[in-house]
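User: Please take me through the terms applied to this model. For each one, I should like the value set against its cut-off.

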Amino acid sequence: SARGDGRLHVLFLDVGQGDSALVRFPRGRTLLVDAGGLVGPSTFDIGDRVVAPVLRAAGVRRLDFIALTHGDPDHIGGAASVIREFAPRHVWEGVPVPPHEPLRALRAEAQAVQATWANLRTGDRIVVDDVEVMVRGPDAPDWERQRVRNDDSIVLELRWRDVSVLLTGDIGKAVERTLAPSIPAAPTRIVQVPHHGSLTSSTEDFVRALAPRIAVVSAGRANDFGHPVPEVLDRYRRAGAEVFRTDQDGAVSVDSDGHSVSVTTFTGRTFFTR
């Protein structure tokens, strides 16, 4: 499996109230987008105890890329142990936040394993195993950030043949307004629901413009925020999307040959579309 099987795989991990997704490209290269994490004091390391075992089970010995969408602990809290064990070749950051100690610490971890560190901007593009990785956000900042902002999240679109996978971080309504018109239509689109299904995101216009066939929510069971909000889920269903959520379905695996898409979950749900 480490050499790839000619298909694109996106696994949305169940990391509780956080985000982490493992992408395996058709010829086996790998991208981890965020690594989960806990808010508040805890000795439980989601990177070591949850994300790393998944990577090992998938046959990953070294990651090619890690994308840190932004510096919130539920997105990067597990990244340090993953960087140490899986020595990524490249680490991607969005807008730098110089005073933010957790991101500074991760940069030091990346330097220790000789990973390159790059800041992504809207319009950047890389082709991995014939899959286009398009950076849809964030825009270049016009002032130095003093704190982490959800709207500065890296937004990645994976485009392969007829299939588009949009990974959205924690973007909110303001970013959605500029983002939606910039993303070309696709016959089959999979969307990671922004900000865990919060009401701060997933406006009617955004959902309608993307017209996703599949929507995946990463959220923790019985979380304190009420995510995902029923109103948001209804918007995706009205737009014709099949909705999956890690708090109910566990890990959600999306597999594609570039034309058809199949979904399987830890709990046994399946879905197929072309």
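The exchange below takes the terms in turn.

Analyst: The model is predicted, so local features need pLDDT of at least 70 and side-chain atom pairs count only at pLDDT 80 or more, while totals for chains, interfaces and linings use all residues. Residues are numbered from 1 along each chain as its sequence is written, and side-chain values use heavy atoms, with hydrogens and water left out.

User: Why are α3 and α4 called roughly parallel or roughly antiparallel to each other?

Analyst: Two packed helices are described by the angle between their axes and the distance between the axes. Helices here are DSSP runs of H or I with at least four residues, strands are runs of E with at least two, and both are numbered from the N terminus. Axes are lines fitted to C-alpha atoms, for helices over the stretch in contact, and angles run from 0 to 180 degrees between N-to-C directions. Helix α3 (residues 79–86) and helix α4 (residues 101–112) pack at about 5°, with their axes 9 Å apart. Angles under 35 degrees count as roughly parallel, over 145 as roughly antiparallel, 65 to 115 as roughly perpendicular and the rest as oblique. The pair α3 and α4 is therefore roughly parallel.

User: Which residues make the contact of α3 with α4, and what makes them nonpolar, polar or charged?

Analyst: On the α3 side are Ala-79, Ala-80, Ile-83 and Arg-84, which meet Leu-106, Glu-109 and Ala-110 in α4. Contact means heavy atoms within 4.5 Å. These residues divide into five nonpolar, no polar and two charged. In this scheme Ala, Val, Leu, Ile, Met, Phe, Trp, Tyr, Cys and Pro count as nonpolar, Asp, Glu, Lys and Arg as charged, and the others, Gly among them, as polar. Leaving aside neighbours within four places in sequence, Ala-80 is in contact with Leu-106 and Glu-109.

User: How do you know that α3 is largely enclosed by the rest of the structure?

Analyst: Buried means under 20% relative accessible area, exposed over 50% and partly exposed in between, computed with a 1.4 Å probe on protein chains only. Six of the eight residues of α3 are buried, so α3 is largely enclosed by the rest of the structure. They are Ala-79, Ala-80, Ser-81, Val-82, Ile-83 and Phe-86. The elements against which they pack are β3 (30–33), α1 (46–57), β4 (65–68), α2 (73–76) and α4.

User: Is Gln-114 buried or exposed, and what is notable about its phi?

Analyst: Gln-114 counts as exposed because its relative accessibility is 71%. Its place is the loop between α4 and β6 (116–119). Phi of Gln-114 is near 65°, a positive value in a residue other than glycine. Ala-87 also has a positive phi, near 35°, and is found in the loop between α3 and β5 (90–93).

User: Why are Val-232 and Arg-235 called buried?

Analyst: Val-232 has a relative accessible area of 0% and is therefore buried; Arg-235, at 11%, is buried too. Val-232 lies in helix α7 (residues 230–238), as does Arg-235. Not counting residues up to four places away in sequence, Val-232 touches Val-193, Gly-197, Ser-198, Leu-199, Ser-201 and Ser-202. With the same exclusion, Arg-235 is in contact with Leu-199, Ser-201, Ser-202, Thr-203, Glu-204 and Val-207.

User: What makes the approach of Arg-235 to Ser-202 a polar contact?

Analyst: A polar contact is a pair of N or O atoms within 3.5 Å; within protein, one must be able to donate a hydrogen and the other to accept it, and residues adjacent in sequence count only if both atoms are side-chain atoms. The side chain of Arg-235 reaches the backbone oxygen of Ser-202 at 2.6 Å.

User: What makes a set of residues a nonpolar core, and which members touch the most others in the largest one?

Analyst: A nonpolar core is a set of buried Ala, Val, Leu, Ile, Met, Phe, Trp, Tyr and Cys residues joined through side-chain atoms within 4.5 Å. The largest has 32 residues, of which Leu-31, Trp-92 and Leu-156 touch the most other members. A second, separate core of 27 residues includes Val-15, Leu-55, Val-60 and Ala-110.
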